[in-house]
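Trainee: I should like to review the charged side chains of this model and then its overall fold. May we proceed question by question?

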Amino acid sequence: MEEPVDTATAILASAAVLLRESTFDDISYRALADEVGISERTIYRQYPTRAHLLAALSNWIEQTRFPLPPFVTIADFRAAAHERFRAFDALPAYAYVGARASAISPTLDTEPAYITRAIEAMLEVAAPTLNRRDRQRVAASLRYFSSSMFWARLRASFDLDADDICDAFDRAVDTVLARLPEATWAKP
């Protein structure tokens, strides 16, 4: 027996199916309604604008297709980002949706994303004396460099593959972390 799926999730899952053959811009609410088997009006009730749909679809894809592997140390974080870049290469249409959603103004909540909180927690352990403002700045930088937007920019602008993007990511992380004073790092 199949588990019941709520309407919002069914819409997002169907949009992901349509992304295999179309770009996000080519997916109309009518086509999406036909794919789900509901009225177009129901989709508008769930996602009043395409920005709402894009943001929700990006979050759903992030959670279902590109879950971030757990990390505690900076080495774990690098490995998690590398794994995601390889997953982005395998499903580029989905990764581009995430990149595009990152470029729009927030339409949903303004809570820091899970990855931002996870990076801040990692920095609290790795660099315990780093002040809050600098920790937030470093976390924002590291989040950007591990994002689908960074991947998409390097992939589309420079035709780099995941391995090249991993190298660029490592150099960017090294540059960001090298700017922290030595005294902020935890002693082994």
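**Charge pairs and fold**

Mentor: In this predicted model, Arg 137 and Asp 134 form a salt bridge in which the closest N and O atoms are 3.5 Å apart.

Trainee: Which helix holds both Arg 137 and Asp 134, and by how much are they separated in helical turns?

Mentor: The two residues, Arg 137 and Asp 134, are three residues apart in the sequence. Because both belong to helix α8 (residues 132-145), their separation is about one helical turn.

Trainee: With which other residue does Asp 134 form a salt bridge, and at what distance between the closest N and O atoms?

Mentor: Asp 134 has a relative accessibility of 22%, so it counts as partly exposed. Its salt bridge with Arg 133 has its closest N and O atoms 3.7 Å apart.

Trainee: Asp 89 forms a salt bridge with Arg 155; how many residues apart are they?

Mentor: The closest N and O atoms of Asp 89 and Arg 155 are 2.8 Å apart. The pair links distant parts of the chain, with Asp 89 in helix α5 (residues 74-90) and Arg 155 in helix α9. Along the sequence, the two are 66 residues apart.

Trainee: Are Asp 89 and Arg 155 buried, partly exposed or exposed?

Mentor: Buried would require under 20% relative accessible area, and exposed over 50%. Asp 89 has a relative accessibility of 24%, and Arg 155 has a relative accessible area of 25%. Therefore Asp 89 and Arg 155 are each partly exposed.

Trainee: How many salt bridges does the structure hold?

Mentor: Arg 30, Asp 34 and Glu 40 are linked in a network of salt bridges. For the structure, the number of salt bridges is 11.

Trainee: Which residues form the negative surface patch, and where does Asp 161 lie?

Mentor: Asp 161 is partly exposed, as its relative accessible area is 38%. Its place is the loop between α9 (148-158) and α10 (162-178). The patch is formed by Asp 159, Asp 161, Asp 164 and Asp 167.

Trainee: How far apart do the centres of the positive and negative side chains lie?

Mentor: The protein has 21 positive and 26 negative side chains. The centres of these two sets lie at a separation of 7 Å.

Trainee: How many helices and strands are there, and what percentage of residues count as buried?

Mentor: The protein contains 10 helices and zero strands. Of its 188 residues, the share that counts as buried is 41%.

Conventions:
Residues are numbered from 1 along each chain as its sequence is written. This is a predicted model: local features need pLDDT of at least 70, side-chain atom pairs count only at pLDDT 80 or more; totals for chains, interfaces and linings use all residues. Side-chain values use heavy atoms; hydrogens and water are left out. Patches are made of residues with over 30% relative accessible area and no salt bridge: like charges are joined within 9 Å, nonpolar side chains (Val, Leu, Ile, Met, Phe, Trp, Tyr) within 5 Å. Accessible areas come from the Shrake-Rupley method with a 1.4 Å probe; for residues, only the protein chains shown count as cover. A salt bridge is a side-chain nitrogen of Lys or Arg within 4 Å of a carboxyl oxygen of Asp or Glu. Lys and Arg count as positive and Asp and Glu as negative; His and the chain ends are not counted. The place of a charge is taken as NZ of Lys, CZ of Arg, CG of Asp or CD of Glu. Helices (H or I, at least four residues) and strands (E, at least two) are DSSP runs, numbered from the N terminus. Buried means under 20% relative accessible area, exposed over 50%, partly exposed in between (1.4 Å probe, protein chains only).
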